[in-house]
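Reader: Could you take me through one part of this model at close range? I would like to see how the helices sit against one another and against the sheets.

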Amino acid sequence: MKVVISVDMEGVCGVASWVQVSPPEFGGLVNGTEYQTARERMTLEAAAAAEGALMGGATDVLINDSHDTMRNLIPELLPQAVRFTSGNDKPLSMVQGVQEDGVGALLFVGYHARAGSPRGPLAHTWNGFIRNVRVGGIDTGEYGLNALLAGHYGVPVVFASGDDVAMAEIRAELGDGVTTVAVKEGLSTYAAVHLHPAEAQRRIRDGAEQAVRAARNAQPYTTRWPAPCQLSFDHQARADACARIPDITRVDAVTVGWSSDTAYHLFQTFRMLATVAGVRLNG
């Protein structure tokens, strides 16, 4: 069985600031040393999940770099048996690889809570200006969008690691059948109590092994299609821009809506709107 691991950075052990997760080439509030440390921990947590998946019976593991520029992984720290994907211009973005034949499970590593979540360290959805995503009447985050897209290809989410707020949200939406490992306890948006990195990696390895062993009994995540979808922003100008797109309707001052027949349509519409909404707010 093939396994795909989608690895983000905000939910990694030891991370609690945008400084730590921001690639230094963009300038601004960044620190190359802290980012490099976060890259290493992100890679080691992905490696631990891969090792667990292989111990659990996976025959092929593909690790998909899913954070920001999507070229954060340090390949030399990964197990030699894995493949990895990097670069941010990927058709399926954070879950690139689930479309391959033979993929039987998707694992989330380093995941964070959705935008607006109290106590969720660095909680957000996709970017800094999306306030909420609602699909079929359910508020969701990156984990839900990615799980639905994986479900479009018949691939279930079987494992997730990250902060405790995110893990609770994932269990609530995707079900208790997903094995979750909290590597830190959120205190606020910018503070958390962390496990030791080595202990976090051990728990991820054990959890991934357990999840992959049981993956054949897991069911892909889905919703009732066609599904009503809504996307809310932090400013009405973003909704102004999105509402000009055919088949997109204005719900309120900062929210637009549409209907999707499939998770693929939902995801690609969401990505398009997130791009169109990136307008200047200073005229």
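Author: Happily; what follows starts at one helix, H3, and works outward to the sheets.

Please keep in mind that this is a predicted model. Helix H3 covers residues 142–152, and it packs against helix H7, residues 263–276, at an angle of about 140 degrees. The axes of H3 and H7 are 8 Å apart. Angles over 145 degrees would count as roughly antiparallel, and H3 and H7 are therefore oblique to each other. The crossing in which H3 passes H7 is left-handed. On the H3 side, the contact is made by Leu-145, Asn-146, Leu-148, Leu-149 and His-152. H7 contributes Ala-263, Tyr-264, Leu-266, Phe-267 and Phe-270. Sorted by character, the residues of this contact between H3 and H7 come out as eight nonpolar, two polar and no charged. A general point helps in reading such lists: an α-helix has 3.6 residues a turn, so residues three or four places apart point the same way.

H3 has another helix to deal with, namely H4. H3 and H4 pack at an angle of about 40 degrees, with 10 Å between their axes. That angle makes H3 oblique to H4. The crossing of H3 and H4 is right-handed, whereas H3 passes H7 in a left-handed one. Here Tyr-143, Gly-144 and Ala-147 of H3 meet Glu-169, Ile-170, Glu-173 and Leu-174 of H4. The residues of the contact of H3 with H4 are four nonpolar, one polar and two charged.

From H4 we can step onto a sheet. Seven strands form an open sheet in the order E3-E2-E1-E4-E7-E8-E9, and their pairing is mixed. Strand E3 (83–85) and strand E9 (191–194) are at its edges with a single partner strand each, so one side of each has no neighbour in the sheet. On average, and ignoring direction, neighbouring strands in this sheet are turned by 25 degrees against each other. Within the sheet, strand E1 (residues 2–7) and strand E2 (residues 60–65) run parallel and are joined by six bridges. One of the residues involved is Ile-5, whose bridge partner in E2 is Ile-63. Helix H4 (residues 164–174) packs on this sheet, where H4 touches strand E4 (103–111), strand E7 (157–163) and strand E8 (179–188). The direction of H4 makes about 155 degrees with that of E7. Helix H5 (residues 197–213) lies across E1, E4, E7 and E8, and H5 runs at about 145 degrees to E8.

There is also an open sheet of five strands, ordered E6-E5-E10-E12-E11, with antiparallel pairing. Its edges are strand E6 (138–140) and strand E11 (249–252); each has a single partner strand, so one side of each is left without a neighbour in the sheet. Neighbouring strands here are turned by 30 degrees against each other on average, direction ignored. E11 and strand E12 (residues 255–260) run antiparallel and are joined by three bridges. Thr-249 stands opposite Gly-257 of E12.

One more helix is worth a look before you go. Helix H2 (residues 32–55) has 24 residues, which should span 34 Å at 1.5 Å a residue; the C-alpha atoms at its ends are 34 Å apart, in agreement. After H2 comes Gly-57, with a positive phi near 115 degrees.

Note on methods:
Residues numbered from 1 in each chain as written. Predicted model: local features only at pLDDT ≥ 70, side-chain atom pairs only at ≥ 80, totals over all residues. Heavy atoms only, no water. Axes fitted to C-alpha atoms, helices over the stretch in contact; angles between N-to-C directions. Helix = DSSP H or I, 4+ residues; strand = E, 2+ residues; numbered from the N terminus. Parallel < 35°, antiparallel > 145°, perpendicular 65-115°, else oblique. Left-handed = near helix turned anticlockwise from the far one by under 90°. Contact = heavy atoms within 4.5 Å. Nonpolar A, V, L, I, M, F, W, Y, C, P; charged D, E, K, R; others polar. Expected span 1.5 Å × (residues − 1). Pairing = 2+ DSSP bridges.
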